[in-house]
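Student: I have just opened this entry and would like some help finding my way around. Could we go through it together?

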Amino acid sequence: MMADFLYDELIRIGQSVIIGVALACAYDFLRIIRIMVKHNTIAFSTEDLLFFICAIFPVFYCLLKINDGIFRAYLVFGILMGFFIYRETVSRIVMWIFGGIAGKIRKITTKLLKKRRTTDTLKG
C-alpha cells in the first residue's frame, strides 16, 4: 500500500539523518583532539581528507544496507542534513563544553612541560 511505502521511506530518511549525526559527532571528536594538540595547516588538511575518506566506507555500506542495495540520492541528502543540523545545533554546545575542557587540559600540560623543560635545563 502507499501508506506503507511512505512510512518505509520516512524510516530510511530518518536512518540517513542519524548516520549524518554520527559522522558529525565523530568529526567533533577530531576537533576536540585538534584543540588539545597543536596542528599545522598540512596536518589539519590531511586529517580532514582522511576523515572523509574513512567516512565514505561506512556511509556507503549503510546506504546500501538501509535501501537493500539500491542507491538513492535523497538518502545522501539526509546524511548531509543530519550532519549540518547537528553541526549548527548540538555541536556548538558539545564544542563549548568539551572544547573548553580540552583547552584547559592543553594549557595545564603546556605549563607543566615548560616548567619541566626549565628545571631540566637548569639541572643540565
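Tutor: Happy to help; we will take the overall form before looking at single residues, and please keep in mind that this is a predicted model.

Student: How many helices and strands does the protein chain have, and what pattern does it follow along the sequence?

Tutor: Let's begin with the counts: the secondary structure comes to 4 helices and 0 strands. Reading along the sequence then gives the pattern α-α-α-α.

Student: What is the radius of gyration of the protein chain, and what would a compact globule of 124 residues have?

Tutor: The box is a good place to start: the C-alpha atoms fill roughly 80 × 25 × 20 Å along the principal axes. A compact globule of 124 residues would have a radius of gyration near 14 Å, but this protein chain has 21 Å.

Student: How much of the protein chain counts as buried?

Tutor: Let's look at the outside before the inside. The protein chain exposes about 9,200 Å², and carbon and sulfur atoms supply 74% of that area. A residue is buried when its relative accessible area is under 20%. Of the 124 residues, the share that counts as buried is 23%.

Student: What share of the contacts with a separation of 6 or more comes from residues 24 or more positions apart?

Tutor: Contact here means heavy atoms within 4.5 Å. Among contacts with a separation of 6 or more, residues 24 or more positions apart account for 76%.

Student: How far apart do the centres of the positive and negative side chains lie?

Tutor: We need both sets for this: the protein chain has 17 positive and 9 negative side chains. Taking the centre of each set, the two lie apart by 20 Å.

Student: Which elements give two or more residues to the largest nonpolar core?

Tutor: In soluble globular proteins, nonpolar side chains tend to be buried together. Here the largest nonpolar core has 14 residues, and Ile19, Leu23, Tyr27, Val59, Leu63, Ile79 and Phe83 touch the most other members. The elements giving two or more residues to this core are helix H1 (2-36), helix H2 (41-66) and helix H3 (73-88).

Student: Which residues is Ile79 in contact with, leaving aside its neighbours within four places in sequence?

Tutor: Ile79 is one of the residues that touch the most other members of the core. Once its neighbours within four places in sequence are left aside, the contacts of Ile79 are Ser16, Val17, Ile19, Gly20, Leu23, Val59 and Leu63.

Student: Is Ser91 buried or exposed?

Tutor: Ser91 is found in helix H4 (residues 90-123). Not counting residues up to four places away in sequence, Ser91 touches Asp28, Arg31 and Tyr86. Because its relative accessibility is 1%, Ser91 counts as buried.

Student: And Trp96, is that buried or exposed?

Tutor: Trp96 is also a residue of helix H4. Its C-alpha lies 22 Å from that of Asn40, 56 residues apart in sequence. The relative accessibility of Trp96 is 69%, so Trp96 counts as exposed.

Student: What separates the C-alpha atoms of Ile33 and Gly103 in space?

Tutor: Ile33 lies in helix H1, and at 32% relative accessibility it counts as partly exposed. Along the chain, Ile33 and Gly103 are 70 residues apart, while their C-alpha atoms are separated by 9.8 Å.

Student: How far apart in space are Asp8 and Gly20, C-alpha to C-alpha?

Tutor: Asp8 has its place in helix H1, and its 37% relative accessibility makes it partly exposed. Asp8 and Gly20 are 12 residues apart in sequence, and from C-alpha to C-alpha they are apart by 19 Å.

Definitions and conventions. Residues are numbered from 1 along each chain as its sequence is written. Side-chain values use heavy atoms; hydrogens and water are left out. The radius of gyration is taken over C-alpha atoms; the globule rule is 2.2 Å times the number of residues to the power 0.38. Buried means under 20% relative accessible area, exposed over 50%, partly exposed in between (1.4 Å probe, protein chains only). Accessible areas come from the Shrake-Rupley method with a 1.4 Å probe; for residues, only the protein chains shown count as cover. Lys and Arg count as positive and Asp and Glu as negative; His and the chain ends are not counted. The place of a charge is taken as NZ of Lys, CZ of Arg, CG of Asp or CD of Glu. A nonpolar core is a set of buried Ala, Val, Leu, Ile, Met, Phe, Trp, Tyr and Cys residues joined through side-chain atoms within 4.5 Å.
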